[in-house]
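Trainee: I would like to test the vocabulary on this model. Can we take it term by term?
Mentor: Yes. Here is the structure.

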Amino acid sequence: MKKLYSNKWVILSLVLPGLFLFVFAILAPICLSVYYGFTNYSGMGSYQFVGWENYKNLFHDAAFGTSLRNSLLLAIGFIFIQHPLAMIVAAVLDKLGGKGENFFRCVYFIPNVISVAVIAYLWKFIYNPDFGLLNNIIKAFGGKGDINWFNYDTAIWAVLIVLIWHGFGWGMLIYYTGIKNIDPVLYEAAAIDGATQIQIFFKITLPQMKPVIQVNVTMAVISALKQMETVYLLTNGGPGNSTQFAANYLYQQAFKAYKYGYGNAIGVVFIIICLLVTVILNKIFEEREAKIKVKEVA
Amino acid sequence: MRKKIVSVLLTTAMVTAMLAGCGGKDTTASSDGSEKSPSAEAGSSSGDEITLKVFSNLPDRKNGQGLVEQKIIDEYMEENPNVKIEVEALDEEAYKTKFKAYSMEGLPDVVSIWGQPAFLDEVLDAGVLAELNESDYDDYGFVSGSLEGFKKDGKLYGLPRNTDVAGFYYNQKMFEDNGWEVPKTYDELLELAGTIKDAGYIPLAMDGGDGWPMAVYLSDLLYKVAGSDYSSIVSNAVATGDFTDSSIVKATELLKETADAGLFQNGYDSQDYATAQNLFINGQAAMYYMGSWDASMALNEDIDEDIRTNIRVFTMPVVDGGKGTATDIAAWNGGGYGVSASSEHKDEAIKFLNYMYQPDKLSKYGWENGVGMSAQDQSAYMTGDETELQMQFVDAVNNATSVSGTPINDCGPSAFKTGIESEIQSVSNGSMSVDDFLSSIGKACQ
Amino acid sequence: MEMIGSKKKKKKLSKPILYVILIIVAVIQIFPLIWLLDFSLASSSEMFTNGLLVMPKKIQWGNYVKAFVDGNFLWYLKNSILINGLAVLLVIVVSIMSAFACRRMKWKLSTFVKTLLLMGLMIPIHATLLPNYKIYSRLGMTDTIWALLIPYVAFSLPQGLFLMTSFMESIPVELEEAAVMDGCGIYRILFQIITPMLKSSIATVAIMTFLNNWNEFMMASTYLSSDKWKTLPFSVLEFTGEYSSNYAVQFAVMALTAAPAVIVYIILNKHITKGVAMGAVKG
C-alpha cells in the first residue's frame with residue numbers, strides 16, 4: 001500500500017497538469033511582470049532598465065492612490081451595505097417557507113448569472129441623466145429627475161450600487177445557506193425562553209453565522225480589490241480618475257499610454273497587495289477564533 | 001437527484017467534447033473547400049490563397065464610413081478571388097487600445113491610423129508600419145499637405161482618409177419652430193444655451209466621456225482665441241511643458257464657462273459617443289458637436305426622416321477679443337490607413353491600400369454616402385444630389401481663410417494625450433482648477 | 001404543544017410584513033431586467049420618454065432578428081458553450097488528480113505543492129493580462145481557443161482543488177485499502193472508485209467554474225481578434241459599436257445575451273443553488 005502510494009512517477013503524472021497550468025498561466029506571467037516592471041518598455045521597440053523608477057513614480061501617482069481608495073470604499077460598501085442587507089433578507093426568507101421561499105431565492109439570484117457586459121451597459125442606460133430609468137422613477141414620484149449620477153464626487157457610489165445590486169443574490173444565498181445550517185434546537189430553546197424574533201436574530205443567528213461572515217468578508221475585500229470589468233465598461237475610471245481601480249489603471253497605462261513597463265510595475269504591486277490583504281485577513285480571523293475558543297474554555 | 005445532475009453534466013461535457021471535434025473538422029473542411037475554389041483565373045499578382053487582416057476603427061458597417069470601407073473590401077474580394085479579407089472593427093477608444101497591444105507583437109496587415117504625433121510618433125519610432133512609395137500617389141489627387149502628418153524623415157507611412165472639420169450640428173426644424181438663430185458670436189451661443197434649456201431641450205449633446213471631442217472643442221476655441229498663432233502656441237507648449245500662455249488659459253476658462261452655462265447635457269462628462277449622438281438624432285438635443293465624418297447622419301435610415309433631413313451645421317462662432325475670424329476653421333487631416341511592416345503579404349496589402357485610394361473608391365463612395373470630405377480631390381464626383389449638410393461642409397472648407405491643423409490633444413506624446421483627455425473632464429466640470437489642469441498636462445509632456 | 005401553537009401564530013402575524021420586504025427586494029432585483037425587455041421590443045425613439053415603461057406602438061420583433069443575425073448569436077453561443085464546457089471538464093479532471101496526489105499520496109512536498117496551487121485564489125487575474133498577452137502572442141496562441149482556455153482553467157483550478165480536497169477527506173481510507181488488496185492500481189482507484197464518490201462535489205465545481213468563466217470578456221477582448229472564438233459577452237461589446245445609432249437593437253442584443261444563462265438557471269435553479277451554497281460554505 002505504502003509503496004503504491006509513494007510511487008514518484010504516479011505522483012508526478014497526477015500533479016503535472018496542475019503544476020503546468022500554475023507555472024504557465026500564473027507564475028510565468030508574474031515573473032515577466034516583475035522583469036518588465038524594472039524597464040521603461042513602451043510596448044514596442046527597445047527599452048532600458050530603469051531600476052526602481054517605476055515603483056518610485058507609482059508611489060507618487062495620485063491615480064493609483066485613488067484606485068486603492070476606491071477599492072477600500074468598495075470593500076466597505078460590500079461589508080456594511082450589501083452584507084447586512086443580504087443577511088437580513090436571508091433571515092426573512094428563511095422564515096417564509098414553502099414555494100414562495102424558492103421563488104424569491106431564484107429571483108434574487110438572477111442578476112448574478114447575467115454577464116457583466118450586459119449589466120454594465122444596462123446600468124449605463126439606467127443612470128443616463130436624460131432618459132435613464134432612475135431619473136424617470138424620480139420624475140414619476142414628482143421630483144425633478146435631473147441628477148447626474150456620474151458626477152465627479154459621486155460616481156464611485158453609482159458604481160458601488162451596480163456592484164451591490166449585481167452581487168446581492170450571491171451574498172444572500174451564502175447567508176441563507178448558513179442560516180439553514182444552524183441547529184433548529186437552538187431556536188426552539190430560545191423560543192421557550194420567550195425571545196422575540198429580533199432577539200433571536202442577534203443572539204443566535206448572528207453568532208452562529210460567524211464563520212460564514214468571515215468567509216464572506218474575506219471574499220468581499222478580495223473582490224473589491226480585483227474589481228475591473230464593471231468599471232471598465234461603466235465609466236472606464238472616469239470622470240477624471242474618480243472611479244479608477246488598480247486593474248483598470250494598469251490596463252490603461254500599458255495599452256493606452258504606451259507605458260507597458262509601468263503597467264507591469266502596477267501589476268506587481270497589485271499582486272503583492274492582494275496577497276498581503278488575504279494573509280492579514282486570515283491572521284485576524286484565526287486569532288479571533290483562537291481567542292473565542294479560549295474564552296469558551298475559560 | 002444528484003445522479004441526474006452528474007449525468008446531465010457528463011453528457012454536456014461529452015457533447016461539448018464532440019462539438020469540439022466537429023468544430024475542428026468543420027473549419028478544416030471549409031478551409032479545404034476554399035482552397036479548392038477556382039483562383040487560377042483570378043489574374044492577380046499571385047494565384048496563392050491570401051488572407052488579409054484589416055483592423056478598422058469603423059464598427060458600424062452599415063452606415064457612413066464603415067459602409068464605404070466594407071463596400072470597397074467586398075469589391076476587392078470579388079475582383080481578386082484568391083484574396084480573403086477579414087475585418088476586425090472596434091470603436092475608436094477600444095481600437096486605439098487594442099492597436100497598441102497589437103503593435104507589441106505585430107499588427108494586422110492593413111490598419112486604421114491617425115496622422116498625428118500623439119498617435120503616430122511612437123508607432124513610427126518602433127517601425128511597425130511599412131514604408132510607402134510617395135511617388136506612387138502622384139495621380140491620386142491628395143489635397144496638398146494632407147500627407148505630411150503621415151511622414152517621418154521624409155518617408156511616407158500612411159495615407160489620409162478624410163479632411164475633418166469640427167462643427168456644431170443643429171436641428172434646423174427645432175431652431176425654426178422655436179425661433180432660435182444660429183449664433184454669430186460665442187456669447188450668443190452661451191445665451192442660446194439658456195434659451196434652449198428653458199424650452200425644455202438639451203442645448204448641445206457632447207461626447208464628454210471620451211475626452212477627445214472635448215479636447216477638439218478646446219482646440220476649436222483656442223483657434224478662435226489665438227488665430228494664426230494657434231500652432232506655434234501649441235507646439236511651444238508641448239515642447240516646453242509650459243501651458244500658461246494667455247490664449248490657452250483663456251480658451252480653457254471659456255470651456256469651463258461653457259460647461260457652467262449649461263451648454264452641454266447633464267452628465268456630459270461621463271457619456272460616450274453613441275449617447276451624445278443619440279440625444280441629438282432622437283430630438284432631445286438641439287445641437288451636437290462632432291467632426292464632419294458624422295455628416296452621414298443625413299443619410300442614415302435608422303434616424304427619423306423628420307430629423308435626418310433637417311440636420312445642418314455651423315462652425316465655432318467667433319470669440320470676443322479673439323484673433324480668429326469666422327472663416328478660420330478647425331480642420332485637419334486625421335484618420336487614414338497604413339500597412340503593417342511585419343505583414344506576411346505586404347505587397348498584397350499595399351495593393352489593397354492603393355485600390356482603396358483609387359480616386360473612384362474611398363473618395364467617390366464616401367461622397368455618395370455623405371461621409372464628409374476625403375483628403376483627395378472630390379470635385380469630379382459632385383452629382384448635385386449631395387445633402388445640404390454636405391454642401392455646408394464643402395462651403396465651410398472652400399470659404400475658409402485658414403485651417404487649424406491637428407487638435408491640441410494629438411500634438412504631444414501619447415502620455416500627454418491620455419492626460420489631457422482624462423483631465424479635461426475634471427477642468428470643465430470644476431473638480432480641478434484651470435491652473436492645476438494646465439500644469440498637470442504640462443507635466444505629461446515631459 | 002401550546003408552545004408550537006403560539007410560535008405558529010407569531011409567524012402568521014408577521015407574514016405580510018415579510019412579503020412586503022421580500023417583494024420590494026425582488027422588484028429592485030428584477031425591474032431593471034423587465035425594463036431591458038420592454039425597450040428591446042420598442043423602437044429607438046420610444047426610449048426617450050419620461051415613463052418607466054413604454055407600450056410600444058408596434059412590437060419590434062425586428063430588433064431581435066437583427067440582434068440574432070447580425071450579432072452572430074448562434075456562433076458566439078456555440079463558442080461560449082464549447083470553451084466553457086471544455087474548461088469545466090479540464091478543471092474537474094485536473095483538480096481531482098491534483099487533490100488526490102496532494103491529499104492521499106505520500107510524498108514530502110505534498111503540502112507545499114498544494115499551497116502553491118491554492119495561491120491562484122489570491123492572484124488577481126487581470127494582473128496577468130499584460131504579461132500573458134506577450135507570452136501568448138510570442139507563442140502564436142492569440143486568437144486561438146488556448147488563449148482563453150488556459151487562463152480560465154488555471155484560475156478556476158485552485159477553487160476546484162480546494163473543494164475536491166475537502167470532499168476527499170470525507171471518503172474513508174478503508175475503501176481504498178480494500179481496492180489495493182484486490183490489486184487495483186492508483187489510476188483505477190482514482191477514476192473508478194474515488195471519482196464516482198465525488199459526484200456532488202464535481203457538480204459543485206462544475207457550477208462554480210461555469211459561473212466564473214461564462215461571463216468573462218476582458219481576456220476575450222484582449223487575446224482574440226477574429227470572430228472564430230469570440231464568446232457571447234463579447235457580442236454585446238461589438239454590437240454597441242455596430243449599432244450605435246439604434247438603441248433598441250442594442251437592448252435586444254443584451255436581452256438575447258443574457259437569456260441562455262437565465263433560462264438554464266431557472267430550469268436548474270435548485271441544483272445550482274445547492275452547488276453554489278456547498279462551494280461557498282466550504283470555500
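Mentor: A helix here is a DSSP run of H or I with at least four residues, and a strand is a run of E with at least two. The model is predicted.

Trainee: What makes up chain C by that count of helices and strands?
Mentor: Chain C has twelve helices and zero strands. Its pattern along the sequence is α-α-α-α-α-α-α-α-α-α-α-α.

Trainee: Why is chain C called more spread out than a compact globule?
Mentor: Set its radius of gyration against the globule rule. The rule gives 19 Å for 283 residues, and chain C has 24 Å, well over that, so chain C counts as more spread out than a compact globule. Along the principal axes, its C-alpha trace spans about 75 × 75 × 30 Å.

Trainee: What percentage of the residues of chain C count as buried?
Mentor: The cut-off is 20 or more other C-beta atoms within 10 Å of the residue's own. Of the 283 residues of chain C, 53% count as buried.

Trainee: What makes helix H5 of chain C "mostly covered"?
Mentor: Count its buried residues. H5(C) runs from 129 to 138, and seven of its ten residues are buried. They are C:Leu129, C:Leu130, C:Pro131, C:Asn132, C:Tyr133, C:Lys134 and C:Tyr136. Just after H5(C), C:Gly140 has a positive phi of about 65 degrees.

Trainee: How do helices H3 and H11 of chain C pack?
Mentor: Two numbers describe a packed pair: the angle between the axes and the distance between them. For H3(C), residues 73-103, and H11(C), residues 232-242, the angle is about 145 degrees and the axes are 8 Å apart. H3(C) brings C:Phe73, C:Tyr76, C:Leu77 and C:Ser80. H11(C) brings C:Leu232, C:Phe234 and C:Ser235.

Trainee: How do the residues of that contact of H3(C) with H11(C) divide?
Mentor: Five are nonpolar, two are polar and none is charged.

Trainee: What makes up the contact between chain A and chain C?
Mentor: A contact needs C-beta atoms within 7 Å. Each chain gives 73 residues. Helix H2 of chain A, residues 8-37, gives the most to chain A's side, with 15 residues. That side has 56 nonpolar, eleven polar and six charged residues.

Trainee: How many residues of chain B are in contact with chain C?
Mentor: On chain B, 32 residues are in contact with 30 residues of chain C. H1(B) supplies the largest share of chain B's side, eleven residues. By class, chain B's side has 15 nonpolar, eight polar and nine charged residues.

Methods. Residues numbered from 1 in each chain as written. Chains lettered and ligands numbered in written order. Predicted model: local features only at pLDDT ≥ 70, side-chain atom pairs only at ≥ 80, totals over all residues. Contact = placed C-beta atoms within 7 Å. Nonpolar A, V, L, I, M, F, W, Y, C, P; charged D, E, K, R; others polar. Buried ≥ 20, exposed ≤ 12 C-beta atoms within 10 Å, placed from the backbone. Axes fitted to C-alpha atoms, helices over the stretch in contact; angles between N-to-C directions. Rg over C-alpha atoms; globule rule 2.2 N^0.38 Å.
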